Amino acid sequence: MSRPTKSRHSRPRPVLSKHEILQQIGALLDRPEDDLQAAMTKELLTGLLKLHDADLDLLDLKIFNRAFKELRHAFGVFRGYRDRRKVSIFGSARTPVDDPNYQLAVEFARRIVEAGFMVITGGADGIMRACQEGAGRENSFGVNIMLPFEQGANPIIADDPKLITFKYFFTRKLMFQKEANAIALFPGGYGTHDEGFEVLTLTQTGKNDPQPIVCLQAPGCDYWDDWADFITKQLLSRKLINDEDLSLFKIVNSAEDAVEEILRFYRRYHSIRFVGGQLAMRLTQPLTPAQLEQVQDRFGDLLTDGRFELRGPLPEELDEPALRELPRLVFNFDRRSAGRLRQLIDHLNRL
């Protein structure tokens with residue numbers, strides 16, 4: 001099995017001299033007060049200075065430093081691909097090539113790339129390698145993790161500039177979530193369930209924007225069927241989740257159905273943004289007055305007050321000029337009903 005070498009053995013970057021550091025700080029302080037990026041950078045710098053006064057243990061500083069470096073590097077890697085939608089894919093590193101789920105992963109990745117997406121996997125073997133085999137190196141990101149076993153980079157993504165090797169699971173998981181426009185789950189072990197339940201938790205609690213979550217299993221495989229039975233029997237029946245929370249994911253048995261589920265999600269829905277107590281749902285196609293009334297009748301329970309409104313961008317949204325022309329469905333969302341919000345998105349896409 002190949003092992004990641006880039007992060008462990010690459011030559012360290014030269015440390016800035018005291019004079020260079022002071023020059024950069026001076027240039028930052030000279031930027032205008034209304035420069036939001038400069039304001040955030042100054043806040044970060046202030047936070048770093050406060051670390052010195054906090055008298056933290058060396059281990060605490062090492063964790064902070066490493067996490068900061070990992071995120072800084074990862075943001076830089078993904079920055080050049082902001083115009084491409086991406087699907088984060090999870091599944092077992094132990095799935096052999098002759099497993100039908102391996103072949104399903106290859107086919108899914110090939111089809112989703114043909115639909116314009118890129119893929120993000122853990123960069124290791126099994127399902128991860130299958131997806132990068134189907135997607136091709138140029139359409140793949142590897143978000144690898146340092147482990148004492150089993151997690152070396154697969155040969156398809158090894159040494160690619162889009163391979164990132166993390167020390168910490170939490171920084172790695174953040175990138176899986178932050179960069180994804182869809183999630184695909186294949187059969188896997190503890191790690192797959194950890195990642196899958198975290199995705200569902202973030203979506204259910206509104207910490208993640210709505211996105212399609214697709215559970216794929218090959219024909220004849222009952223992996224996700226049994227998992228859904230557990231969810232229904234143990235969680236839903238005990239009222240630990242609501243009926244509408246089952247709308248947050250879909251189980252499919254073919255690559256075609258998985259890709260269709262993802263594309264259907266973005267048929268009319270584009271994105272959301274919260275502005276105070278209002279949710280602005282950006283749409284690629286406007287609604288008719290009759291369709292708006294239908295939404296009001298069927299989904300009025302999502303409102304804290306008022307009505308659904310069709311309009312252009314809210315004033316606070318004008319800082320996103322690329323989205324300015326999209327029509328909006330604006331409403332006062334209760335921020336508790338993520339499952340119902342997903343049902344609203346599905347309804348809009350079916351119109």
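Mentor: Before we start, one bit of bookkeeping on charges: Lys and Arg count as positive and Asp and Glu as negative, while His and the chain ends are not counted. Also keep in mind that this is a predicted model.

Trainee: Okay, so how far apart are the mean positions of the positive and negative charges?

Mentor: They are 3 Å apart, taking 48 positive and 50 negative charges in the protein.

Trainee: Got it. How many helices and strands am I looking at?

Mentor: There are 12 helices and 11 strands. The radius of gyration is 22 Å, and the globule rule gives 20 Å for 351 residues, so the protein is as compact as a globular protein of that length.

Trainee: And what does the C-alpha trace span along its principal axes?

Mentor: About 65 × 55 × 40 Å.

Trainee: What share of the residues is buried?

Mentor: Buried residues are 44% of the 351. As for the outside, the accessible surface comes to about 19,000 Å², and carbon and sulfur atoms account for 54% of that.

Trainee: What about contacts between residues at least 6 apart in sequence: what share joins residues at least 24 apart?

Mentor: That share is 69%.

Trainee: Let's zoom in. How many residues of strand β3 are buried?

Mentor: For β3, residues 140-145, the count is 6 of 6, so the strand is largely enclosed by the rest of the structure.

Trainee: Which of its residues point one way and which the other?

Mentor: S140, G142 and N144 point one way, F141, V143 and I145 point the other way, and all are buried. That fits a general pattern: in a regular strand the side chains alternate between the two faces of the sheet.

Trainee: How does β2 run relative to β3, parallel or antiparallel?

Mentor: Parallel, with 3 bridges joining β2, residues 118-121, to β3. If you want a pair to click on, V119 has S140 of β3 as its bridge partner.

Trainee: Where does P161 sit?

Mentor: P161 is in the loop between β3 and β4, the latter being 163-166. P161 is exposed, with a relative accessible area of 57%. Measure from there back to G142 in your viewer: the two are 19 residues apart in sequence, and their C-alpha atoms are 9.3 Å apart in space.

Trainee: Switching topics. Which residues have a positive phi without being glycine?

Mentor: Two to look at are D55, with phi near 55 degrees, and D159, with phi near 65 degrees. They catch the eye because most residues other than glycine have a negative phi.

Trainee: Where are D55 and D159 found?

Mentor: D55 is in the loop between α3 (36-54) and α4 (58-79), and D159 is in the loop between β3 and β4.

Trainee: Buried or exposed, for D55 and D159?

Mentor: D55 is exposed at a relative accessible area of 67%, and D159 is exposed at 58%. The cut-off for exposed is over 50%.

Trainee: Now β9. How many of its residues are buried?

Mentor: It's 5 of the 6 in β9, residues 278-283, so that strand is largely enclosed by the rest of the structure.

Trainee: Which strands does β9 pair with?

Mentor: β8, residues 269-275, pairs with β9 in the antiparallel sense over 6 bridges. β11, residues 328-332, is also antiparallel to β9, joined by 5 bridges. For landmarks, V275 stands opposite Q278 in β9, and A280 stands opposite V330 in β11.

Trainee: How many residues lie between β8 and β9?

Mentor: There are 2 residues between them, and the two strands form a hairpin. G276, in the turn, has a positive phi of about 60 degrees.

Trainee: One more region. Where is D301, and what does it touch?

Mentor: D301 lies in the loop between α11 (289-299) and β10 (309-311). Setting aside neighbours within four places in sequence, D301 is in contact with D334 and R340. D301 and D334 are 33 residues apart along the chain, with 8.7 Å between their C-alpha atoms. D301 itself is partly exposed, with a relative accessible area of 45%.

Trainee: And H347, buried or exposed?

Mentor: H347 is buried, with a relative accessible area of 5%. H347 lies in helix α12, residues 338-350. Not counting residues up to four places away in sequence, H347 touches Q294, V295, R298 and F299.

Definitions and conventions
Residues are numbered from 1 along each chain as its sequence is written. This is a predicted model: local features need pLDDT of at least 70, side-chain atom pairs count only at pLDDT 80 or more; totals for chains, interfaces and linings use all residues. Side-chain values use heavy atoms; hydrogens and water are left out. Helices (H or I, at least four residues) and strands (E, at least two) are DSSP runs, numbered from the N terminus. The radius of gyration is taken over C-alpha atoms; the globule rule is 2.2 Å times the number of residues to the power 0.38. Buried means under 20% relative accessible area, exposed over 50%, partly exposed in between (1.4 Å probe, protein chains only). Contact means heavy atoms within 4.5 Å. Accessible areas come from the Shrake-Rupley method with a 1.4 Å probe; for residues, only the protein chains shown count as cover. The place of a charge is taken as NZ of Lys, CZ of Arg, CG of Asp or CD of Glu. Two strands pair if DSSP finds at least two bridges between them.
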